[in-house]
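Student: Could we go through the charged pairs of this protein together? I would like to see how each label is earned.

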Amino acid sequence: MKLRSTANTRASSLHMGEFRDTEYNFVNEDSPKLGNTRKVSVIPLVFLIFYEVSGGPFGIEDSVQAAGPLLAILGFLIFPFIWSIPEALVTAEMGTMFPENGGYVVWVSSALGHFWGFQQGWMKWLSGVIDNALYPVLFLDYLKSGVPEFGGGLPRTSAVLALTVALTYMNYRGLNIVGWMAVFFGVFSILPFILMGFVAIPKLEPSRWLLVDIHNVNWSLYLNTLFWNLNYWDSISTLAGEVDNPKSTLPKALFYALILVVVGYLYPLLAGTGAIPLDRESWTDGYFSDVAKIVAGVWLRWWVQGASALSNMGMFVAEMSSDSYQLLGMAERGMLPEFFSKRSRHGTPLVGILFSASGVLLLSWMSFQEIVAAENFLYCFGMILEFVAFIKLRLSHPNASRPYKVPLGTAGCILMIIPPTVLICVVLALASFKVMIISLIAMLIGFVLQPCLKHVEKKKLLKFTLNSDLPDFREAEHRSTVESLIS
């Protein structure tokens, strides 16, 4: 976060998306302005990342249905090295280089210009909203085995609306509250699977882990399930301006969250597939509650269902926080109208929260598989822009301040992002025609929306301002270069 030189945000007359040449100044703990603002510390940040990426094993069941136990286990063991670790490393470097709300939007804008920065913001915000529309659906899918009324019709629609309103209000109350709520939800959601693993030990048959039918694999569902459950590491970057000492806290939290996520998938997957005979068709979202009942009894089934409810609440509030603070960050950079930068009395981005909640309600009619495929498609394009920005900034501004730097040279970084880039191409190629068309239309809307906003700004129909306290890395890089030459 930046040290503000004035009590009020100063407006700038610069055009939409333009950047000033100022320097990053990290938080001074003695700052009177920031003394009353509660920043997010490392433990809540770990669980915010956990919920933005994972939230527990809820939703990984489709990987077993799509490919069988062996490929599902190998997927969650190998996939983090192909995708999660590179994305987390890029997020750590870029998030500490640009420690402000807006995250990846600012990265791309600084490297490729504000047009592509806006497209990045549009695609990632839309993919985040689509992703968030999944959590009420997944929550009700877990409950419908115990409460069949939630399977469809008016009860299901009413439940989706009530959940969205209640969880949106939690986001409104403050990010620090959301962070500690995520800690509580996380502990409660992880505990039943730890118990299930211990109870399952006498029933484990390791040979069940090796079952595979390579000729009967739904590759599209398999890869989309892996991808959906192991991406979004960059989402935390849009909250960097709310983090206590982000230059050290962010990389540390990403590392701890990575371990928590991978173990949180593999442990219950090994217990569930090893303890009961394989019935691939039964492995759909919500099946872990049935596994818990088979392994330990009804009591554990109810705990898993309750854990699912809290987990989906945690994922919802974490994702909405990321989406809404992204809109706030874009408004502070002059990419969106000024009203998006207004905060509530709790310090939260009220307009961003309302926009994100509205998007969730509009998209909640989609099925689980359609939601996953659609958000993956948009997310892939956003990640391509992030990787390009990451390498371009390494080449064009090698001396810019990077409190955390990926311990590889530029050539090593290029090699690091080749496997995830190939994976992106595979995920895009496997998308259904319906998902592809919907996603491309959404991208075209972004291409039209940005020039329209420029026109609105030019005609002064809406007010756009640039927060002049926000920094740009270029001045810091210049000063660093001068100091090195002098020394």
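The talk below takes the salt bridges one by one.

Tutor: Happily! This is a predicted model, where local features need pLDDT of at least 70, side-chain atom pairs count only at pLDDT 80 or more, and totals for chains, interfaces and linings use all residues. Residues are numbered from 1 along each chain as its sequence is written, and side-chain values use heavy atoms, leaving out hydrogens and water.

Student: What makes R402 and E93 a salt bridge?

Tutor: The term asks for a side-chain nitrogen of Lys or Arg within 4 Å of a carboxyl oxygen of Asp or Glu. R402 and E93 meet at 3.0 Å, N to O, so the pair fits the definition. R402 sits in the loop between helix 12 (368-396) and helix 13 (410-429), and E93 in helix 2 (residues 61-97), 309 residues apart. Helices here are DSSP runs (H or I, at least four residues), numbered from the N terminus.

Student: Why is E93 called buried?

Tutor: Buried means under 20% relative accessible area (1.4 Å probe, protein chains only). E93 has 0%, so E93 is buried; R402, at 10%, is buried too.

Student: How do you know that K463 and E338 form a salt bridge?

Tutor: Their closest N and O atoms are 3.9 Å apart, so they fall within the 4 Å limit. The two loops that hold them are tied together, 125 residues apart in sequence.

Student: How many salt bridges are there in the whole structure?

Tutor: A search finds 8. Shared partners join E93, R394 and R402 into one network.

Notes:
Buried means under 20% relative accessible area, exposed over 50%, partly exposed in between (1.4 Å probe, protein chains only).
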